[in-house]
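Biologist: I would like a close look at one part of this model, residue by residue. After that, please go on to the other parts that can be described in the same way.

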Amino acid sequence: MGKSNFLTKMTVFSFVLCIVPVMIIGFSSYLNASREIKKQVNQSQHQILSQMSSNVEQTLQTVKHALNQLVDSSAMSRVFGNALTEQDFILYQDLRKEMLNTQNFYTNLEDVVIVNLQQNWMMKNSGFYTFDQYLHYSQIANQMLLLNNSSWVLNSTLWFYSEMKANVDVCPYTISLVQKLPSYSSYKTGMAFANISSCAMPSIINYTPRQSETVMILDDQDRVVYHNDPAMIGQYARSTGFIPNTMVLQGKSGQFQTVVNKKDYTATYLRSDLNNWVYVSIISMESLTKEAVKIRNITIATMIGLVAVFMTLAWFFSRRMYSPIQKLVRQTTGNIVMSAKDNEFDMISNSFQDLFTSKTRLEQESFRYLQQARDFFLIRLFQGTMRRQDILEKMEQFGYLPRIKEWKPYSVIVLQIDTLDETHYRKEDIDLLLFAVQNMVEELVPEQYRLAPVVFDSTVSLTVGRGDLPLEEFNAWIYSLTESIQQTVISILKLTVSIGIGLPFTDLKNTHVAFREGLEALKHRIHLGVGVIIHYAHMNRGLPQQNLDYPWLTESELFDAIRLADEERARHLLQRLMTGIFKHEMTPQEYQVPINKLLNNTLVMIQESGVRLSQLIEGGESLYEELQKLPLAKEIEDWFWSRIIHPLILLFQERQISQYQNISDIILDRIHREYDTPLTIEGLAAELHYNANYLSSVFRNQTGQTFSDYLSAFRFTMAKKWLIETDMTVKEISERLQYQNSQNFIRSFRKQEEMTPGQYREMHRKMPDMPPGGYAHVKPVGNKGNLEGDDQHG
């Protein structure tokens, strides 16, 4: 009992030990409030500016990264070197898609603008423009004068959006990341603009200035990029009134005092390493004084309150603390007699430690028995020896009922180790290995989608289910899950395992059926080998096996003939397919299986070919219902041909004709636009992603000429046009038309026109009314050798 005086003394000592520092701290805070407030505010301002700088730089870096991805993309490389027009829809769409990908929630981009000065076009969100016809093209073009290849610039919003926002209130300024293009060349012919609206800066900064605080951001030209007052954006720093004309903000960070309208202000600034922007926070000294007075009053009130609280607590605990402790000692130690050296708290601690040890031991035993009972229940579920009512009761007992109520369908996964041969394991390790696999399955499969996996009949088996997926996606999820389990076991245990998957079911009473299906699927390892994942649905498609050899190869050949629009071969293959199906002796009901299989596979092929059923089949009853009404094999064959296959062949024929015409038009357009470039059929094939022989064949079928003949003829047409209408020399014409030297051009021209280019030009000038090519059969006059030499100079 003598311990109570000791506790009382300790309480008083604690009171004194706590109160004295509180009083000292309180008075010190009061005396130094103004000085500390100023220091803390400056530190706070610096932290705020650092956070603002971090937020802004993160956004700017994200924008720069997104723009770099755009300018380095394959779409940009394909488009930028071309004189893009409205006909280049595919190239435009590819670049447009890449531009839209850069504009997302994280980049805060309002628009991305691509300008090609050399090809005279501009592209942005609102569309495609001829650049020199754009209203503000000169201001935009002047951005090429920027010193760096990549610069952050404050521009007028009107430059980019005057054509569609003239009557809409928008932010007057845009923060642009200007990047000269192409990035891989020192000769720049265009620019990419990543535009962020200045109105978006508050959300990027993510900071609301205090009532007495002014926050602004200055760019490397001392222009205001952000300000509390939006009207100040775009002004120079000296126009804000806070920064004198003679002041230069030097160094990475600093502070200065300033006077505005006879009021004193303290300012803190921070310079960004990313783009040399300066972040400035300005607070009036008057507000700091008010804060100091508030802190003084709060400190005094807090000190008085703490003194009162400590006095009350010390008085209360000095009289009340030991009574419950003594009672607790008696309850925990029983009749044990305490000696003078005993400590009540040690005795209580030891008693509670013994109690917790006993509780933990009891919980471990209970958990082990509960786990054994649960595993026994799940094994009986796989064996199919339980009634439906017993299953539901056990599910509720083990906490599974809320989970399975959300499921349907269910499925059973059965995993089995293939072999221990050629591994460092022994046969007696099999139980330990199955236990390890069981633990892996528990970790890999989310708990809300499974019952506990159990080791049963040399397998690790578990029931899974989901209620948020349709059947097809549910099967795909199970397959992905089993692949993950298999790969994890291989990676960790270096063992090959095979997995069998039962058919989906909706009644837990059928769990044993799905388990047997999984085991049955595993038996197919005898011809499939080890390390396989086998779905019972893939074994005869989950149906009882019939003595029917379905003609899969003939069906595949038939589908190929349909896609190639080969009508004669398709009709022959359909007849052979029907003969193969009906050669078996089966009941009418059994014939429905291969016939419906053919219909189903045909519909799948139609869908995979991108054809809508509405293009082939008008409204009416289901195709399956129509098919069921046909009693004779010949009628079924004719129905397939007239109802589905022949209309599909006609559709593929139309596709081929349209495709050939489209390809031919593209090649002709390229020849007419790029005849003066090293154009080849191989290069076009690579760009259009076709085989070169295929392109050549299509072009010849559509035009009656080969690609090289047509290109050569068109180049000769242009050569004769230039000879008549321009003063270009023969050498210049030959170089422009991709001849290795002018002599080759002269020989080719004379072979076709029976005169040299110089003679052609001279005769045309004597007879100006004759059209180009009018002298194709006029024999040249004079010395041909001399004429060839003269023609090199026009």
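Biologist: Leaving aside its neighbours within four places in sequence, which residues is Leu 627 in contact with?

Modeller: The model is a predicted one. Beyond its neighbours within four places in sequence, Leu 627 is in contact with Ile 595, Asn 596, Leu 599, Ile 636, Trp 639 and Phe 640. Leu 627 itself belongs to helix H20, which covers residues 623-628. Its relative accessibility is 4%, and since buried means under 20%, Leu 627 counts as buried. One of the contacts can be given a distance: Asn 596 is 31 residues from Leu 627 in sequence, while the two C-alpha atoms are 8.3 Å apart in space.

Burial can also be followed along a whole helix. H18 (residues 567-582) is made of 16 residues and spans 23 Å from first to last C-alpha, close to the 22 Å expected at 1.5 Å a residue. Its buried residues are Ala 570, Leu 573, Leu 574, Leu 577, Met 578, Gly 580 and Ile 581. Viewed down the helix axis they fall within an arc of 160°, so they line one face of H18. Residues three or four places apart in an α-helix point the same way, because there are 3.6 residues a turn. Glu 568 and Thr 579 are exposed and sit on the face of H18 turned away from the buried side.

The strands can be treated likewise. S9 (residues 253-260) has Gly 254, Phe 256, Thr 258 and Val 260 on its covered face, with Ser 253, Gln 255, Gln 257 and Val 259 on the uncovered one. S9 runs antiparallel to S10 (residues 263-271), and eight bridges join the two. Ser 253 has Leu 270 of S10 opposite to it. The two strands make a hairpin with two residues between them, and Asn 261 in that turn has a positive phi of about 55°.

Another group of strands makes up an open sheet of six, ordered S3-S2-S1-S6-S5-S4 with antiparallel pairing. S3 (127-130) and S4 (150-156) are at the edges, and each has a single partner strand, so one side of each lacks a neighbour in the sheet. On average, neighbouring strands here are turned by 20° against each other, direction ignored. Helix H4 (residues 89-102) lies across S1, S2 and S3 and runs at about 45° to S2. At the S4 edge, seven bridges pair S4 with S5 (residues 173-181); the bridge partner of Ser 151 in S5 is Val 178.

Val 178 is also one of the contacts of Gln 143, together with Val 153, Asn 155, Trp 159, Lys 180, Met 191 and Phe 193, neighbours within four places in sequence being left aside. Gln 143 is placed in the loop between helix H5 (137-141) and S4. With a relative accessibility of 7%, Gln 143 counts as buried.

The search of the whole structure gives one disulfide. Cys 171 and Cys 199 are joined, with an S to S distance of 1.3 Å. The dihedral about the S-S bond is -130°, and the link is left-handed. Cys 171 lies in the loop between helix H6 (158-161) and S5, whereas Cys 199 lies in the loop between S6 (190-197) and helix H7 (201-205), 28 residues apart. The two ends differ in burial: Cys 171 counts as buried at 8% relative accessibility, but Cys 199 is exposed, with a relative accessible area of 51%.

Notes
Residues are numbered from 1 along each chain as its sequence is written. This is a predicted model: local features need pLDDT of at least 70, side-chain atom pairs count only at pLDDT 80 or more; totals for chains, interfaces and linings use all residues. Side-chain values use heavy atoms; hydrogens and water are left out. Two strands pair if DSSP finds at least two bridges between them. Helices (H or I, at least four residues) and strands (E, at least two) are DSSP runs, numbered from the N terminus. Axes are lines fitted to C-alpha atoms, for helices over the stretch in contact, and angles run from 0 to 180 degrees between N-to-C directions. Contact means heavy atoms within 4.5 Å. The expected span of a helix is 1.5 Å times one less than its number of residues. Buried means under 20% relative accessible area, exposed over 50%, partly exposed in between (1.4 Å probe, protein chains only). The arc is that of the directions from the helix axis to the C-beta atoms. A disulfide is a pair of cysteine sulfur atoms within 2.5 Å.
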